[in-house]
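Colleague: Please take a close look with me at the salt bridges in this model, and at how the charged partners sit relative to the surface. After that, I would like to see the sheets and helices around them described step by step.

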Amino acid sequence: MQWNRRYVVKSYVRNSLWLMPFFAVVLYWVVSSITLRIDGWLLQTGQIDSKTAFLGLTMVGARSVLDTIVTLNLSFLVFTFGSLLIAIQVAGGQYTPRIIATTLLRDNAIRFTVGYFVFTLLFTVRTLTRMGGDIVHQFNTFIAIALGLLSVVVFLYLIDYAARFLRPVSIVKRVGESGLAVIKSVYPESTRPSRSVKTFARPVSPDRLVTNSGASGIVLAVDLDGLVALARNANGIIEFVPQVGDFVAADEPLLRLYGGAGAIDDRQLRAAVALGSERTVDQDPTFAFRILVDIAIKALSPAINDPTTAVLAIDQLHRLLRRVGLRLVSREEICDEAGEPRLIFRTPNWEDFVHLTCTEIRHCGAGSIQIMRRLRSMLENLMQTLPPHRHAELRQQLELLDRTIEEHYAFPEDQVLARIPDSQGLGGSLGVQAAIETITPKGDGRAE
């Protein structure tokens, strides 16, 4: 199977909720066959009396217990799926629709819980249907009861887990963790402020151009190792024209080939690029920033008006931006083992990340002192902790922040208050007191 098809299948498996119940059905067939043979062997050898031994359940009692377990698990399944649909609607409307595939549907706790309910339901139904006459399958009934009791515990755990999982702080933290992982994979090298990055002379014009011959879509991921290997074997250079996350229409340029790479088969080259309908976090470092910014600006909208949630999103953006600032993000050439450039692969630079983090939040949160203070705290902290060559863009954002405050706040007291950095947004009394003392002359009763 080609690399891009394997990637699409892998992504589908990670984002599909229905596959776990399917695997639960397969597991049910295996476990059920084993337990039925064990139960039959116990009955044949006389180690368990089918009527009274082991659990001591009669036929009426066993059927009553099994019916109860079936009803419970059916109710659990209906409630779980109904709650999940409501959670998807609420999360997509209050936060951003982009967390549905990247966070909700990928959550293993929800997927395994649904699979467990399906497994318990099927196992109990199978045990119930095999009872006939005076034979009570005591061993299978015992397992079904144990599964039923555990399903109650699992359901209570799911309620508690869902209540914690859907909190804003949990959502933004998960997105932040995904962003840290992709930043580490896309930018493996640390920044080198002491010396310039070595660049290679590129050919003026390509020998051949490869276009997107398939359906239009967004670039989800690229097989970098595969393209480097192809270029090395052909003794040439491959240039990937778009960036991961860009939309590529049909017949648009996809790859430029230089030198011996011009002889590579187009099918091999196109197979190294996965296209889809929705961006993923796998190789797209800016997508995690995009999700967090969307959460922040939606929280700042007049319909929701929740600046505290926006501050939580800025906390994670602060965390991600520091990680990017400590990485080498300007190198576009990928070399082979011999150090020869084989692939030109463009990724977002430092300025892209800073603008993505600050611009929209500054515009949408201009009227919130809480947002102004939290943005200033982030920018000043990054200037203190990142190398000097990262400061120019941060300094420009601070200037834009000051101009935004001057434009939106008419009272001098509010302007001074908005310029005080606060990692909580508006949570420190010391900052408020400092603003009052700056504006109010000594001796004024308001300063008391």
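Modeller: A residue is called buried when its relative accessible area is under 20%, exposed when that value is over 50%, and partly exposed in between. Please keep in mind that this is a predicted model.

With those words in hand, we can begin with Glu-189, which has a relative accessibility of 27% and therefore counts as partly exposed. Glu-189 makes a salt bridge with Arg-331, and the closest N and O atoms of the two are 3.2 Å apart. Because Glu-189 lies in the loop between helix H7 (168-186) and S1, while Arg-331 lies in the loop between helix H11 (307-325) and S7, this pair ties together parts that are 142 residues apart in sequence. Arg-331, at 28% relative accessibility, is partly exposed as well.

The two strands that these loops lead to, S1 and S7, belong to an open sheet of five strands, whose order is S1-S5-S3-S8-S7 and whose pairing is mixed. Strand S1 (208-211) and strand S7 (333-335) stand at its edges, and since each has a single partner strand, one side of each is left without a neighbour in the sheet. From one strand to the next, the twist averages 20°. On the S1 side, four bridges join S1 to strand S5 (residues 253-259), and these two strands run antiparallel; within this pairing, Leu-209 has Arg-256 in S5 as its bridge partner. On the S7 side, helix H8 (residues 224-234) lies across strand S3 (236-240), S7 and strand S8 (341-345), and runs at about 140° to S8.

Returning to the charged pairs, the model has 20 salt bridges when counted with a cut-off of 4 Å between the side-chain nitrogen and the carboxyl oxygen. One of them joins the side chains of Asp-265 and Arg-267, at 3.0 Å from N to O. Here the two partners fall into separate classes, because Asp-265 is partly exposed at 30% relative accessibility, whereas Arg-267 is exposed, with a relative accessible area of 62%.

Another salt bridge is formed by Arg-290 with Glu-360, with the closest N and O atoms 2.7 Å apart. This pair links distant parts of the chain, for Arg-290 is in helix H10 (residues 285-299) and Glu-360 is in helix H12 (residues 350-364), 70 residues apart. Arg-290 counts as buried because its relative accessibility is 17%, while Glu-360, at 29%, counts as partly exposed. Salt bridges with shared partners join Arg-98, Arg-290, Asp-294 and Glu-360 into one network.

The model also contains an open sheet of three strands, in the order S4-S2-S6, with antiparallel pairing. Its edge strands are strand S4 (247-248) and strand S6 (273-276), each of which pairs on one side only. Strand S2 (residues 217-222) is joined to S4 by two bridges, and in one of these pairings Gly-217 has Val-248 in S4 as its partner. Helix H1 (residues 3-15) lies across S2 and S6 and runs at about 45° to S6.

Helix H1 also leads us to a surface without such charged pairs, namely a nonpolar patch with about 1100 Å² of accessible area together, whose residues include Val-9, Tyr-12, Trp-18 and Val-30. H1 and helix H2 (19-44) are the elements that give two or more residues to this patch, and H2 gives the most, with six residues. Val-30, which lies in helix H2, is partly exposed, with a relative accessible area of 45%.

Methods. Residues are numbered from 1 along each chain as its sequence is written. This is a predicted model: local features need pLDDT of at least 70, side-chain atom pairs count only at pLDDT 80 or more; totals for chains, interfaces and linings use all residues. Side-chain values use heavy atoms; hydrogens and water are left out. Two strands pair if DSSP finds at least two bridges between them. Contact means heavy atoms within 4.5 Å. Axes are lines fitted to C-alpha atoms, for helices over the stretch in contact, and angles run from 0 to 180 degrees between N-to-C directions. Patches are made of residues with over 30% relative accessible area and no salt bridge: like charges are joined within 9 Å, nonpolar side chains (Val, Leu, Ile, Met, Phe, Trp, Tyr) within 5 Å. Accessible areas come from the Shrake-Rupley method with a 1.4 Å probe; for residues, only the protein chains shown count as cover. Buried means under 20% relative accessible area, exposed over 50%, partly exposed in between (1.4 Å probe, protein chains only).
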